Amino acid sequence: MASSDNNGGRGLPLVPEAVLKKRHDMDEMKAHRAAQAIANPRGNRKVFSSKTKMVKVIKPEKFVSRGRSRRNHEIRYNRVMKKGMQKRASNHKIVKSKEVPAIADNTEDRSVAAALEEETKVVKVAANSVGSDVVFAVRIRDGAGMSRKVRKALSNMRLRSVNEGVFLRYDESTRKMLHLVEPFVAYGIPSKSLVTDLIRQRGHGKIDGKRVPLTDNTIIEKALGDETGIICVEDLVHEVYSVGDGFGAASAFLWPFRLTASRSKFQKEKLDQKDGGRDEYGDRGEEIEDYVRNML
């Protein structure tokens, strides 16, 4: 930089050339934007502001497909209501074989445990819920293309939103209701460990019409203690799993469990993996254990 003597003797510091270029570019950009604003007053502003309602455009083909789906589900509902599931659901307990990792829970040696992880063993699991006293039902599909009768039946079971689950007493009336809405739900026999994990991790109670987390046993005691004698989480788990005399009050006290989606948004939109496939909905027996644990 030149000294102040080369600046006319006024003693003013000289401005660096880089700063002058930056100022020139900024002035030129402002002038260009001003010219664009005059030519196009709307510019690149959003058509819908935060104060206006968003307009969602739905293609006509989607209306046609939803109407066709709604009609087909209503036809199925009326058929099952009149004739039952016929040969689609067995009245006898079905047992099938399943391969699981051969891991010993009490193995302290890590090398032995690592070797067992590579091995598998065959176990017998129930493929349906016949003979069980309680089932856990999860809604796996949204309301697109759903008939009004199916929506009312799901509402009666408190499955009003997708990925919500409830415990149900498995009797003839409940089985008939689950058959009516089978394409929209997955249900099966829960183990005691699954009941415990659901209540401890996702459990909320209904207190004065509000959803309250079960953070303290006093919440359970105040709501169910006088009526059923349930005073803690362990009592609640035992009552639900064993389907005791206070099962109705305990089930009504538990808010429907809000689970996470089994598939991510990337899998649904990019990989076109939809929920509620043929291999997912319906009576899954004891296999509901793995399905629900993926949603915890």
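Which residues line the largest cavity? Hold that thought while we set up the session.

This is a predicted model, with residues numbered from 1 along each chain as its sequence is written. Local features need pLDDT of at least 70, side-chain atom pairs count only at pLDDT 80 or more, totals for chains, interfaces and linings use all residues, and side-chain values use heavy atoms, with hydrogens and water left out.

**Stop 1: the cavity.** Select Arg158, Gly165, Val166, Phe167, Ser251, Leu254, Trp255, Pro256 and Phe257: they line the largest cavity. On a 1 Å grid over the protein atoms alone, a cavity is a set of points where a 1.4 Å probe fits but cannot get out, and lining residues have an atom within 4 Å of a point. About 30 Å³ of space lies inside, counted as the space filled by probe spheres set on the points, which are joined across faces, edges and corners. Now colour strand β4 (residues 164-169), which gives the most to this lining, with three residues. Helices (H or I, at least four residues) and strands (E, at least two) are DSSP runs, numbered from the N terminus.

**Stop 2: the main core.** Keep Phe167 and Leu254 on screen and add Ile199 and Leu236: these four have the most contacts inside the largest nonpolar core, which has 31 residues. Such a core is a set of buried Ala, Val, Leu, Ile, Met, Phe, Trp, Tyr and Cys residues joined through side-chain atoms within 4.5 Å; buried means under 20% relative accessible area, exposed over 50%, with a 1.4 Å probe and protein chains only. Among the elements giving two or more residues are β3 (134-139), α6 (192-202) and α8 (233-242).

**Stop 3: helix α6.** Show Leu194, Val195, Leu198 and Ile199, which are buried. They cover an arc of only 125 degrees around the axis (taken from the directions from the helix axis to the C-beta atoms), so they sit on the same side of α6. Flip to the other side and you'll find Arg200 and Gln201 exposed. Centre on Ile199: leaving aside neighbours within four places in sequence, Ile199 is in contact (heavy atoms within 4.5 Å) with Leu214, Val233, Leu236, Val237, Leu254 and Phe257.

**Stop 4: the pocket.** Finally, head for the largest pocket, with a volume of about 440 Å³. A pocket is an open set with protein on both sides within 12 Å along at least five of seven lines. Of its 22 lining residues, pick Met85, Arg88, Glu182, Gly282 and Asp283, the closest to its centre. α5 (172-180) and β9 (282-285) each supply at least two lining residues.
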